[in-house]
Amino acid sequence: MNLTELKGRWGEFAATIILRLKGYRIIAKRYKTKCGEIDIIAYKQDTIVFIEVKARKTIEKCFIAINYHQMQRLQRASMIFLKNHPNYSTKFTRYDVILIANWHLPQHIENVTA
């Protein structure tokens, strides 16, 4: 495992802790589909949340790493998840991003649209 992958996994681990502290239940981590991977899928108060985690040196680099195509990929992958898990298909859905940067508190941005 290279350093970049290790940092990404650390970011996902930190994000799951943050989400649990906020009352989310983690459904899946690193959920793979033919459209791509969903970093974290969580559930809270009748809403299923698909979360992209970005771990970079700076907050600015985290923001730069989030783009239209990546959010479109996340949305397509979420549709596959919902098709494969019909018990969640009647819930509200939301797309969030969690930014993890050196020497900064993690930022949880809710309801990010493509």
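A polar contact here is a pair of N or O atoms within 3.5 Å, where one must be able to donate a hydrogen and the other to accept it. Keep that in mind for His108, whose side chain has such a contact with the side chain of Lys22, at 2.9 Å. What you're looking at is a predicted model. Here's a quick tour: two cores, a surface patch, and then a pair of residues to zoom in on.

**The cores**

- The largest nonpolar core has 20 residues, and those with the most contacts inside it are Ile38, Ile41, Ile48, Phe50 and Phe81.
- Two or more residues each come from β1 (25–33), β2 (36–44), β3 (47–56), α2 (59–65), α3 (68–84) and β4 (92–101).
- The top contributor is α3, which hands over five residues.
- Another core lies apart from that one; it has 14 residues, including Ala14, Ile18, Leu19 and Ile98.
- As a general backdrop, nonpolar side chains in soluble globular proteins tend to be buried together.
- For a closer look at the largest core, try Ile38: skipping neighbours within four places in sequence, it's in contact with Lys29, Arg30, Tyr31, Phe50, Ile51, Leu74, Ala77 and Ser78.

**The surface patch**

- Some nonpolar side chains sit on the outside: Trp10, Phe13, Ile17 and Leu21 make up a surface patch, with about 480 Å² of accessible area together.
- Phe13 belongs to helix α1, which covers residues 3–21.
- Phe13 counts as partly exposed because its relative accessibility is 46%, and partly exposed runs between the 20% and 50% cut-offs.

**His108**

- You'll find His108 in strand β5, residues 107–109.
- Its relative accessible area is 17%, so His108 is buried.
- Besides the Lys22 contact at 2.9 Å, the His108 side chain has a polar contact of 2.7 Å with the side chain of Asp96.
- Leaving out neighbours within four places in sequence, the full contact list for His108 is Leu19, Lys22, Tyr24, Arg94, Asp96, Val97 and Ile98.
- Two names on that list, Leu19 and Ile98, also turn up among the residues of the 14-residue core.

**Arg9**

- Arg9 is in helix α1, the helix that also holds Phe13.
- With a relative accessible area of 36%, Arg9 is partly exposed.
- Setting aside neighbours within four places in sequence, Arg9 is in contact with Met1 and Arg30.
- Arg30 also shows up in the contact list of Ile38.
- If you want a distance to check, the C-alpha atoms of Arg9 and Lys91 are separated by 28 Å, and the two residues are 82 residues apart along the chain.

How values were computed:
Residues are numbered from 1 along each chain as its sequence is written. This is a predicted model: local features need pLDDT of at least 70, side-chain atom pairs count only at pLDDT 80 or more; totals for chains, interfaces and linings use all residues. Side-chain values use heavy atoms; hydrogens and water are left out. A nonpolar core is a set of buried Ala, Val, Leu, Ile, Met, Phe, Trp, Tyr and Cys residues joined through side-chain atoms within 4.5 Å. Buried means under 20% relative accessible area, exposed over 50%, partly exposed in between (1.4 Å probe, protein chains only). Helices (H or I, at least four residues) and strands (E, at least two) are DSSP runs, numbered from the N terminus. Contact means heavy atoms within 4.5 Å. Patches are made of residues with over 30% relative accessible area and no salt bridge: like charges are joined within 9 Å, nonpolar side chains (Val, Leu, Ile, Met, Phe, Trp, Tyr) within 5 Å. Accessible areas come from the Shrake-Rupley method with a 1.4 Å probe; for residues, only the protein chains shown count as cover. A salt bridge is a side-chain nitrogen of Lys or Arg within 4 Å of a carboxyl oxygen of Asp or Glu.
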